[in-house]
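Colleague: I am still learning to read structures of this kind, and I would like a close look at one part of this one. Could you pick a single stretch of the chain and then work outward from it, step by step, towards whatever surrounds it?

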Amino acid sequence: VEELTKVLASIDNATITSVFIEYPGTGYAPGYGSPLVTFPKPDAAATTTDEGETNGEYYEQAIGRAVLSWSGRILRIDLKERGAGYVGLKPPIVTVSPPKILSIAKENNFTTTTASTAK
C-alpha cells in the first residue's frame, strides 16, 4: 500500500486544487488580520522507504490564505501553494485559527464568535 501511495503521488503530484469551507465562522474582523490557515502534511509524506526513512522531504505542504468578507466571515481560502503528495479518498482537513477576538470574548463569557471549518 505504501509503495502504491508513493507511485500515485509521484505520477499526478496529488495537489490541492480547491478548498471547501464547511462553516465560514463569525467574528473575524478585517482590522485584526486574516486568520492562520494550516494544511496537514501530505499523506504521501507519511510513507516510509524499505530502510525505514520517511519520504516527507519529497512532498510539499500546501499553503493558503483566508479572505474575509465584510461581515466577519471567511469568504474563501486562496491557495498560495497547492502542495504535492496529497492522496487518499478523503480530502485533508484544513485548520483555520479562531477569530483573534474569540479569546477576549471567552474571557468575558461572550459567545458571539465562532471559528471556521474547511476541508
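**A loop and its surroundings**

Modeller: A good place to begin is G27, which sits in the loop that runs between β1 (21-23) and β2 (37-38). Please keep in mind throughout that this is a predicted model, so every value below is computed from it. With a relative accessibility of 23%, G27 counts as partly exposed, because that value falls between the limit for buried, under 20%, and the limit for exposed, over 50%. Although 71 residues separate G27 from P98 along the chain, the C-alpha atoms of these two residues are 8.7 Å apart.

T26 belongs to the loop between β1 and β2 as well. Its relative accessible area is 16%, and T26 is therefore classed as buried, since the limit is under 20%. T26 and G27 thus fall on opposite sides of that limit, T26 with 16% and G27 with 23%. T26 also has a partner from another part of the sequence, for its C-alpha atom is 5.6 Å from that of G72, a residue 46 positions away along the chain.

If we follow the loop to its end we arrive at β2 (37-38), and with V37 we come to the largest nonpolar core. This core has 14 residues, and V37, F39, I74, I77 and V94 are the ones that touch the most other members. Two strands, β3 (63-68) and β4 (74-81), each contribute at least two residues to this core. As a general background, nonpolar side chains in soluble globular proteins tend to be buried together. When residues up to four places away in sequence are set aside, V37 touches G64, R65, A66, I77, V94 and T95.

Two of those contacts deserve a look of their own. A66 is found in strand β3, and A66 counts as buried because its relative accessibility is 0%. Apart from neighbours within four places in sequence, A66 is in contact with S34, P35, V37, I74, R76 and I77. A66 can also be placed relative to S97, which is 31 residues away in sequence, with 10.0 Å between the two C-alpha atoms. I77, in turn, has its place in strand β4, and with a relative accessible area of 9% I77 is buried too. The C-alpha atom of I77 is 5.5 Å from that of R65, and these two residues are 12 positions apart in sequence.

The empty spaces can be described in a similar way. The structure holds 1 cavity of 30 Å³ or more, and about 50 Å³ of space lies in the largest cavity. Its lining has 11 residues, of which Y28, Y32, G33, P99 and K100 are the closest to its centre. By type, the lining of this cavity comprises 7 nonpolar residues, 3 polar ones and 1 charged one. The largest pocket has about 270 Å³ of space, and 18 residues line it, with T15, I16, Y86, P91 and P92 nearest its centre. Here the lining consists of 10 nonpolar, 4 polar and 4 charged residues.

Finally, we can step back to the whole chain. The protein has 2 helices and 6 strands, arranged along the sequence in the pattern α-β-β-β-β-β-α-β. Of its 119 residues, 34% are buried, T26, A66 and I77 being examples from our walk. Among contacts with a separation of 6 or more, 69% are between residues 24 or more positions apart; the contact between V37 and I77 is one such pair that we have already met. The surface that the protein exposes amounts to about 7,700 Å², with 56% of it supplied by carbon and sulfur atoms.

Note on methods: Residues numbered from 1 in each chain as written. Predicted model: local features only at pLDDT ≥ 70, side-chain atom pairs only at ≥ 80, totals over all residues. Heavy atoms only, no water. 1 Å grid on protein atoms, 1.4 Å probe; cavity = no way out; pocket = protein on both sides within 12 Å on 5 of 7 lines; lining within 4 Å. Points joined across faces, edges and corners; volume = space filled by probe spheres on them. Nonpolar A, V, L, I, M, F, W, Y, C, P; charged D, E, K, R; others polar. Helix = DSSP H or I, 4+ residues; strand = E, 2+ residues; numbered from the N terminus. Buried < 20%, exposed > 50% of the residue type's maximum accessible area, 1.4 Å probe, protein only. Contact = heavy atoms within 4.5 Å. Areas by Shrake-Rupley, 256 points an atom, 1.4 Å probe, with all protein chains shown as cover. Core = buried A, V, L, I, M, F, W, Y, C linked by side-chain atoms within 4.5 Å.
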